[in-house]
Structures are given as C-alpha cells and as structure tokens.
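Work through these exercises with the structure open beside you. Try each task before you read its solution.

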Amino acid sequence: MSETKYTAADYKAGQPRWCPGCGDHAFLNSFHKALAEIGVPPHQIAVISGIGCSSRLPYYMNTYGMHTIHGRAAAIATGAKVANPAITIWQISGDGDGLAIGGNHFIHAIRRNVDINIVLLNNRIYGLTKGQYSPTSARGFVSKSSPYGTVEDPFRPAELCFGARGRFFARCAAVDGGPSVEVLKAAARHKGTSVVEVLQNCVIFNDGTHNAIAKKEDREKNAIYLEHGKPMLFGPNKEFGLMQEGFGLKVVKLGENGITEKDILIHDAHCEDHTLQLKLALMEGPDFPIALGVIRDVEAPTYDEAVKAQIEEVSAKKKYHTFAELLDTNDTWEVK
Amino acid sequence: MAEDMKVKELDDVVVRFSGDSGDGMQLAGNMFSNISATEGNDISTFPDYPADIRAPQGSLTGVSGFQVHIGSGKVYTPGDKCDVLVAMNPAALKTQYKFCKSQSVIIIDTDSFTKRDLEKAQFQLENPFSELGIKNEVVEAAITSMCKECLKDSGLDNKTILRTKNMFALGLVCWLFHRDITVGEKLLREKFAKKPEIAEANIKVLHAGYGFGENTHASVSISYTVPSKEQKIPGRYMDINGNKATAYGLMAAAEKAGLELYLGSYPITPATDILHELAKHKSLGVKTVQCEDEIAGCASAVGASFAGALAATTTSGPGICLKSEAMNLAVITELPLVIIDVQRGGPSTGLPTKSEQTDLLQVLYGRNGESPMPVIAASSPTDCFDAAYTACKIALEHMTPVVLLTDAYIANGSAAWRLPNLNEYPAINPPYVTPDMAGKWTPFLRNPETGVRYWAKPGTEGFMHRIGGLEKSNETGAISTEPENHHLMTKLRAEKIAKIADCIPPLEIEGNPDADLLIVGFGGTYGHLHSAMDTLNAQGKKAALAHFRFINPLPKNTAEVLRRYKKIVVAEQNMGQLAGYLRMKVEGIHLHQFNQVKGQPFVVQELVEAFTKIMEE
C-alpha cells in the first residue's frame with residue numbers, strides 16, 4: 001500500500017452511459033469509494049471486464065483497464081495476474097457474461113484460486129441485448145426469449161462458487177452503499193479469488209427483480225447482514241435470528257419459546273467446511289432472509305503465488321538459467 | 001528410378017523401424033538418428049504413430065513407425081521409401097511394406113510371426129511374405145528369444161526383458177551400417193540414469209543385436225556405409241524436432257526481448273509437446289498455464305500480453321477455431337501475441353496425428369470483421385526455431401498477434417541443428433512508452449512510420465488507460481462508432497500489417513534462376529519440394545523453388561517473382577489455399593496446382609512425375 005491518500009475522484013474517469021436508475025451507477029460509486037479506502041495506487045490496478053452493460057465499467061475507471069470479449073474476462077484476468085502478480089485485478093462481469101458464456105472460466109479461476117477479485121453484477125437479465133432471460137432468471141421467468149416462461153432452473157452463483165472450492169464469497173445490494181464498500185474492501189483484503197455477488201436492478205428489462213431488498217426498510221426485514229464472529233440477527237430491531245435445526249437452518253424470534261441471543265448461531269466466515277456457509281448463501285424469501293456481507297473468507301495458497309514459488313524453487317535447483325545454458329543441457333556433437 | 005536409387009544408396013540411406021506402438025520403435029529410431037548424426041551424417045526423421053495410445057497388441061491399427069534418413073551430405077526429407085525396414089510383427093510388415101523399395105532389406109522378429117500373430121494381422125496364408133508378394137531379402141532373427149537368453153541372469157522380469165527388443169533391432173541395424181554403438185550406450189545410460197539396471201540390460205541387448213549381425217553375417221547383398229562429407233557449417237549440433245525447436249525459439253525471443261514468457265495452452269495433438277517442453281524450463285522463468293480450454297489458452301495469453309509479458313498460445317486447427325475470438329481481441333487492442341498452429345488433418349477432429357497444410361485460409365481469414373494478422377510458416381523441424389523467434393519479434397515490435405504455422409510432420413520430425421548463438425540474432429525492441437510521453441500519450445497514438453502504437457504496461461505511473469474489443473477513436477482510444485473513424489481505423493490496422501513487408505526479406509529463388517518451371521510452396525513441404533527440384537535439375541530440366549515463409553504480408557518482390565516465370569506450380573497439402581491466395585494478391589498470374597491431402601508428407605518421386613508432366617504440357 002502506498003503512503004499517498006487517495007480519494008474516490010482519483011479512480012474516476014469518463015461519463016457513465018448506463019440507463020438512468022441502473023444499479024451499475026450505484027455500484028460504481030461504491031467501487032470508487034472502496035478503492036480509495038483500500039489505497040492501491042490507480043496505476044497498480046487493472047479492471048478487466050467481459051461484455052454486457054456492467055462490463056462497460058472499466059471505461060469509468062482511472063486505472064488500467066480492459067473491456068474484453070463475452071465471457072472471457074476470468075481467463076484474461078488469470079493470464080494478466082499470473083504474468084504480472086504485482087497488479088491488483090478486479091474482474092467485472094454480469095450474470096450472463098460470468099455464468100453462461102463464461103461459466104467455465106468462472107469456475108476454473110475459482111478452482112485455481114488466482115488472486116483476482118470477481119464482481120458479479122447479477123440483475124438476472126441480458127440487458128445489452130435487450131431483455132432475454134439469463135442463467136440466474138427464475139424458472140418460469142417471462143422475457144422476450146421466453147414469452148411463455150422459462151422451463152429451466154437458474155444457477156445460484158454461490159453454489160457454483162462453493163462447488164468450485166471458492167474461498168471467498170460475499171454479497172451486497174448495489175443500492176446499499178456502505179455495506180457494498182465494506183464487502184469490496186474485504187474482497188480486496190482476501191488473497192485468492194474473491195467472488196462478490198452484487199444484487200443489481202435493471203430498470204428497463206427486469207425492474208424490481210431485487211425488490212425484497214431494494215429499500216433500507218425492506219433489507220431490515222428481508223436481509224441479514226452477516227459479520228464474522230457476530231450472532232446472526234436481523235429484523236428492524238434485531239429481533240430475529242438464525243438457529244440450526246437438523247441439517248438445516250430456521251428463523252427464530254428472540255424471546256419466543258425461551259430463545260435468547262446465546263441460542264443464535266455465530267457467523268464463522270473462516271470455517272474451512274463450507275456446509276453452513278452454503279446454506280446461508282442459499283437462503284431466500286419469503287421464509288428466510290437473504291444473506292448479505294462476507295459469507296465465506298478462508299485462506300488458501302493462491303495460484304499466481306504458487307506459480308512464482310515453483311519457478312523460484314526450480315530455479316534454485318537447476319543449473320541452467322539462460323538460453324545458452326539451456327542449450328548446453330542437450331546431447332550435442334561437434335562438427336569441425 | 002531404381003538405377004538412380006542405387007547411386008544414392010552410397011550417399012544416403014533410409015531406415016524405417018516399425019512395430020507395435022508399445023515396442024519402442026520411436027526410441028530405436030531416435031537413437032539410430034542420434035548415433036548417425038554423431039558420426040557426421042545429416043539426418044531427417046519422421047515418426048508415423050497411430051492415434052490410439054495402445055491399440056490391441058499385434059493389430060494393424062496399433063502399428064507405430066519411425067523413419068530415419070541419414071546422408072553423407074544434406075538431407076531434406078525423411079525419404080520417400082526405406083532401404084531397410086524393421087518389422088517387429090506381422091501387422092508392421094503388412095502395413096509398412098508399402099514403404100519398401102524392391103531392393104529393401106527387411107528385418108523381422110521371427111518369434112513374433114506365430115500363427116496367432118498372423119491372425120491378429122489378418123493374414124490368410126501361413127506365409128505372410130508370399131501373401132504380400134514380398135521378394136525382398138529378409139533377415140530373420142529370433143529377437144524375442146535372443147533377448148530372453150541374453151538377459152536370463154539379469155533378474156529382470158519377463159515384461160521388462162521383452163521391452164528391450166527394440167535395442168536388439170537397433171544393434172542389428174547399427175551393425176548393418178557400421179555404426180559406433182558406444183554412442184548408443186551413452187544415450188541409454190542418460191535415458192535410464194535413475195534405473196542403471198535397465199540401462200545395462202538395454203546395453204547388453206544392443207550389443208547382442210550387433211553381435212548377431214556380425215556372427216551370422218546376416219545375409220544382405222548391399223553393404224551400407226554412409227561416410228560423412230565435411231560440408232556442414234562447423235559448430236556444435238544437436239538433434240531437434242520441430243516442437244522443441246518452436247519452444248526454444250519462444251524462450252530465445254523472450255530472453256532477447258528481456259521479457260517473461262507466458263504460455264496459455266490446452267492439450268491438443270500434435271502441439272502439446274511445445275507445452276511439455278516449456279513447462280520444464282521454469283529456471284528460465286517461463287510461465288505455462290494449462291488452461292480449462294482452448295479459449296482460455298488464448299484469452300489468458302491476451303491478458304498476459306496486456307500485463308506486459310511475451311505471450312503465446314499453442315494449438316492445432318480445432319483449437320484455432322476456438323481461439324479466433326480472442327485472437328481478434330488482440331487484433332483490435334493491438335497487443336503482441338504469438339499463436340502457434342501445429343496443423344493436422346481436418347476438418348473437425350479429422351486426423352489428429354497426421355499432417356496437412358489446411359489451416360492457411362483459416363488463420364488468414366477465419367475471424368469476423370476486417371482482421372489483418374501476420375502469418376508466417378516454418379519450413380523444417382530446425383527452422384521452427386527461427387520462425388518462432390521471428391514471429392515473436394514481429395508480434396512485439398509491431399504490436400500485433402502473429403500466427404506461426406507449423407505442421408505435424410515438421411513438429412515431430414527431427415534433424416541436426418547447429419546450436420544458435422543468440423548474439424547473432426537480431427535485437428527485439430518493443431515500442432514501450434517512454435517517460436517523456438507522459439501527459440501527451442494516448443493509447444492509440446501511432447509511430448508515424450510504422451503505424452505501431454506504443455505499449456504501456458500496467459504498473460507504469462502516468463499511463464493508465466483502457467482498451468477493449470469495441471472500435472475506438474483513432475489516437476485517443478475512446479469508444480467510437482463514428483463511420484469515418486471506423487473506416488480509418490480499419491485502414492490503419494491493415495496498413496500497419498502491410499508495412500511489416502518493409503522488415504522482411506525478399507522471396508528467394510533456389511535452383512535454376514532461368515527455370516522453365518517455378519515450384520511454389522510454403523511451410524513444412526520445403527524439404528520435399530527442394531528434393532523434387534534437385535531431382536529435376538539433375539535430370540537436366542530447369543526448375544526453381546520459391547518457398548514462402550511470410551504469407552501475410554507477402555514479401556515485396558512476390559508479384560515480380562511470380563510474373564517472371566512462364567510456368568508455375570503451387571504444391572501444397574491442401575486443395576489450393578496458397579494458390580488461391582496468390583491469385584487474389586497478384587492479378588493475372590496463371591498457376592498450376594499440385595494438391596494432396598493424405599495426412600502424409602509428399603513423396604518426392606510423385607512430385608517429380610507431376611512436375612515433369614506440367615513441364616511437358
């Protein structure tokens with residue numbers, strides 16, 4: 001980290017051209033703020049995106065940036081990080097970009113644990129192509145390409161991430177500035193692939209898709225902010241909590257049936273076993289609150305560091321380090 | 001032709017080792033080639049292996065061959081047909097006999113010619129030689145039982161003992177050519193350095209094979225000696241195949257450019273050995289990532305290039321299909337990238353282990369939009385080094401993706417290679433931004449002479465910028481859909497590639513400059529076309545060869561050369577892709593075509609006949 005103090009303005013460039021009211025605007029503000037607080041100098045950051053509305057984001061960053069091709073951001077980010085580990089990399093993808101056309105790169109980046117931060121802006125729709133269902137659209141979702149409703153189940157990003165052995169998963173709502181900044185800072189602090197799912201509204205083609213958590217009062221009722229080491233309480237007056245029941249979770253009200261705060265689960269984001277973390281990540285209404293915050297944050301060796309370490313280890317053992325020395329390792333004969 | 005061959009036999013010899021894919025024929029062939037090279041012969045080899053890893057033992061589909069051509073002077077090809085065929089079983093005899101000349105000597109392991117072995121190879125008669133109509137001299141050696149006898153006190157198990165059969169055959173062949181087997185001993189001790197008992201067993205069997213020849217005077221009518229004529233450039237030499245030479249070229253270029261080498265790749269025959277080779281050399285700082293798919297192989301290389309490495313991706317035709325989108329991203333972002341296409345038989349999965357030149361138009365034009373990309377082709381196993389080096393130099397200095405075409409034949413074939421001295425290779429100077437540009441620089445500001453933009457690596461203060469796959473405004477790089485700008489950018493990208501012609505050598509004419517027939521080719525067919533030209537000229541005809549390394553852009557003198565000759569034949573292992581391309585680029589030329597798509601190298605004799613016919617027309 002640099003000694004220099006940065007402000008959000010140091011990371012800003014260009015004039016965003018998203019639709020008025022698009023969740024991307026709110027996220028971009030949080031992102032600028034988070035970067036300023038993290039303090040990595042703009043020239044040491046690369047923002048790499050795929051294709052889609054949200055993937056325009058690098059153009060609004062005063063950092064290095066690359067707006068690439070549909071679905072490939074994770075692969076491009078992987079190459080960039082391995083080649084230049086000193087650079088902090090943020091990957092910006094949407095639900096179509098990251099989970100449909102780019103699904104393979106998404107899971108493999110996570111599996112390798114490349115030290116990149118993947119921001120998945122999930123609006124459950126293809127916006128840039130004007131309104132087709134996405135791999136996160138609910139079964140039965142009516143769109144231009146599914147006029148009678150989809151007949152397929154969606155991906156749940158957390159499930160893919162955990163299934164690919166993800167070590168960091170967090171969630172925030174684009175409109176929820178403060179917690180978004182905190183989640184992004186936690187993602188930056190985590191070494192390895194960090195996945196941040198940003199629940200984001202598409203005001204044109206899928207307005208209201210995240211209505212349950214769109215407003216502060218909705219979030220108080222329908223969301224739970226998870227914090228490592230803190231009891232899992234939610235509700236306008238923190239009157240509800242989560243308890244384990246059998247293999248699952250249940251929502252309880254403090255004071256009812258003799259339940260007190262000490263009966264409530266304490267969040268452990270650092271637990272290696274992701275079973276409970278996955279259950280938290282998959283909670284949804286109306287019976288359960290939607291989990292926000294850092295759900296999983298577990299240390300593991302990163303790919304780019306392992307690549308570097310292996311090079312150093314092998315270099316120390318081998319006697320050849322230049323091309324001329326490499327040639328000498330071969331069987332040769334002399335022609336005079 | 002037989003008359004000519006007899007003369008040639010004094011100067012060069014072709015040996016083909018064949019057997020089950022588990023019989024170790026590749027090793028025997030490689031060792032014979034190395035031993036001969038050490039004695040000063042020029043060498044050219046060609047492995048011809050099946051697509052199956054282990055087909056049923058003794059079956060026709062499981063036959064693996066390895067052809068070695070050794071010569072006292074320069075040899076250009078692994079040879080059309082062999083002078084000696086080693087056939088370790090009936091299936092090998094049946095499938096490989098077609099590579100024999102009438103006077104070829106055939107060596108067989110009689111222990112592997114039982115009734116059951118013959119059935120596996122689908123012979124109908126008890127005598128496979130009469131069934132195939134073979135009248136050649138046959139050296140019958142009970143190789144299996146002699147190996148067992150030789151190693152009966154070694155304490156090795158039967159399976160291990162049987163694995164030494166290839167060394168018996170090699171010993172016998174070495175005796176036939178008066179080769180010095182102490183070189184073979186050295187090679188075996190190195191190969192089995194960690195298993196000295198295996199090394200010694202193999203050495204013992206190698207000697208047994210040699211001794212068998214000596215003691216029985218294995219009945220052969222022609223005694224082969226291939227003396228070395230001192231006509232090679234002095235220096236240290238090694239045996240190298242095309243894939244290894246390609247890997248070496250990439251590492252050499254990275255060192256010369258002062259950059260880290262990054263390879264993003266995905267396993268695919270016949271290109272994977274480049275990945276294998278580079279993965280070994282971490283002590284040179286090489287980073288290899290075996291990606292989740294071909295797309296990621298190329299895409300991650302684009303990312304590595306953006307981040308400031310010398311980035312490459314290796315593949316074959318089916319992989320190019322998948323990489324083309326990321327290749328195009330490198331075109332529009334104007335980032336250096338080397339894409340290596342080791343061509344194999346197509347379309348689709350096609351013939352994975354066989355060789356073709358059928359990807360030329362794919363790499364030239366197989367992308368959406370106007371997408372100019374330099375394409376260069378390597379002409380031989382050893383030339384893969386120079387070609388890979390040149391591809392890197394062009395990519396880095398002109399900020400562009402470059403395709404290097406090789407093929408299965410030169411990738412797996414090997415030849416003697418003089419160790420290069422990197423000091424003699426041209427410098428590689430990428431157009432980095434310089435501190436004085438800060439504040440004035442924009443991502444698509446170009447060098448007015450070359451049309452090349454400048455490279456600002458992430459991490460450099462004051463040069464933060466955004467690039468991407470969308471059309472951008474000239475100089476500033478801001479997204480632009482302006483009609484005039486798009487037309488201008490399309491032209492600027494094309495001109496940048498066209499200007500590379502200023503930096504490449506002119507097309508060279510070999511052979512008779514006043515030729516009645518100009519033979520034209522590209523890539524891995526060089527050796528065969530050169531041999532065909534030599535044969536024609538030796539017959540008193542007038543032939544010349546113009547072989548293209550640079551296909552896009554073409555050398556500046558291309559039109560002038562092609563207009564100079566009345567008769568031109570374009571010979572290529574596809575249905576006429578280079579011929580069609582040349583007709584488009586050089587108006588008004590008439591080209592004859594010789595096209596063959598068999599997955600096998602050209603046969604020089606067939607070329608000579610076809611070219612003679614064209615000359616007589």
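The exercises below go from whole chains to single residues, and the model they use is predicted.

**Exercise 1. Size up chain A.**
Task: State how many helices and strands chain A has, then judge its radius of gyration against the globule rule.

Solution.
- Step 1. Take the elements. Chain A holds 10 helices and 14 strands.
- Step 2. Take the radius of gyration. The value is 22 Å, and the globule rule gives 20 Å for 336 residues. The two are close, so chain A is as compact as a globular protein of that length.
- Step 3. Take the box. Along the principal axes, the C-alpha atoms of chain A fill roughly 95 × 45 × 45 Å.
- Step 4. Take burial and contacts. Of the 336 residues, 48% are buried. Among contacts between residues at least 6 apart in sequence, 66% join residues at least 24 apart.

**Exercise 2. Do the same for chain B.**
Task: Find the elements, the radius of gyration and the buried share of chain B.

Solution.
- Step 1. Chain B has 22 helices and 21 strands.
- Step 2. A compact globule of 617 residues would have a radius of gyration near 25 Å. Chain B has 26 Å, which agrees.
- Step 3. The C-alpha trace of chain B spans about 85 × 60 × 45 Å along its principal axes.
- Step 4. Buried residues account for 55% of the 617. Among contacts in chain B between residues at least 6 apart in sequence, 76% link residues at least 24 apart.

**Exercise 3. Place strand S8 of chain A.**
Task: Is S8(A) mostly covered or mostly open, and which strands pair with S8(A)?

Solution.
- Step 1. Locate the strand. S8(A) covers residues 194-199, and 6 of its 6 residues are buried. S8(A) is mostly covered.
- Step 2. Sort the side chains. Ser194(A), Val196(A) and Val198(A) point one way. Val195(A), Glu197(A) and Leu199(A) point the other way, and all are buried.
- Step 3. Find the partners. S4(A), residues 117-122, runs parallel to S8(A) and is joined to it by 6 bridges. S7(A), residues 168-173, also pairs with S8(A) in the parallel sense, over 5 bridges.
- Step 4. Fix the register. Leu199(A) stands opposite Asn122(A). Leu199(A) is also the bridge partner of Ala173(A).
- Step 5. Trace the link. From S7(A) the chain passes through helix H6(A), residues 177-189, to S8(A). This β-α-β crossover is right-handed.

**Exercise 4. Examine the crossover helix.**
Task: Compare the length of H6(A) with the expected span, then find what its buried residues pack against.

Solution.
- Step 1. H6(A) has 13 residues and reaches 18 Å from first C-alpha to last. That is close to the 18 Å expected at 1.5 Å a residue.
- Step 2. Its buried residues include Val181(A), Val183(A), Leu184(A) and Glu182(A).
- Step 3. The buried residues of H6(A) pack against H1, S4, S7, S8 and S13 of chain A.

**Exercise 5. Explore the nonpolar cores.**
Task: Which residues touch the most other members of the largest nonpolar core, and which helix gives the largest share?

Solution.
- Step 1. The largest core has 269 residues, and Val302(B) and Ile519(B) touch the most other members.
- Step 2. Helix H16(B), residues 383-398, gives the largest share of this core, 10 residues.
- Step 3. Look at that helix. In H16(B), 15 of the 16 residues are buried, so the helix is largely enclosed by the rest of the structure. Just after H16(B), Met399(B) takes a positive phi of about 45 degrees.
- Step 4. List contacts of Ile519(B), leaving aside neighbours within four places in sequence. Among them are Leu529(B), Met533(B), Val569(B) and Phe611(B).
- Step 5. Find the second core. This separate core has 5 residues, including Cys22(A), Ile125(A), Tyr126(A) and Cys202(A).

**Exercise 6. Classify Ala212(A).**
Task: Where does Ala212(A) sit, and why does it count as partly exposed?

Solution.
- Step 1. Ala212(A) lies in the loop between S8 and H7 of chain A.
- Step 2. Count neighbours. Ala212(A) has 19 C-beta neighbours inside 10 Å, so it counts as partly exposed. Buried would need 20 or more.
- Step 3. Beyond neighbours within four places in sequence, its contacts are Asp218(A), Asn222(A), Gly285(A) and Ile290(A).

**Exercise 7. Map the interface.**
Task: How many residues does each chain give to the contact, and which element of chain B gives the most?

Solution.
- Step 1. Chain B gives 55 residues and chain A gives 49.
- Step 2. On the side of chain B that touches chain A, H13(B) gives the most, with 10 residues.

How values were computed
Residues are numbered from 1 along each chain as its sequence is written. Chains are lettered from A and ligands numbered from 1 in the order in which they are written. This is a predicted model: local features need pLDDT of at least 70, side-chain atom pairs count only at pLDDT 80 or more; totals for chains, interfaces and linings use all residues. A residue is buried if 20 or more other C-beta atoms lie within 10 Å of its own, exposed if 12 or fewer, and partly exposed in between; C-beta atoms are placed from the backbone. Helices (H or I, at least four residues) and strands (E, at least two) are DSSP runs, numbered from the N terminus. Two strands pair if DSSP finds at least two bridges between them. A crossover is right-handed if, with the strands pointing away from the viewer, the path from the first strand over the helix to the second runs clockwise. A nonpolar core is a set of buried Ala, Val, Leu, Ile, Met, Phe, Trp, Tyr and Cys residues joined through C-beta atoms within 7 Å. Two residues are in contact if their C-beta atoms, placed from the backbone, lie within 7 Å. The expected span of a helix is 1.5 Å times one less than its number of residues. The radius of gyration is taken over C-alpha atoms; the globule rule is 2.2 Å times the number of residues to the power 0.38.
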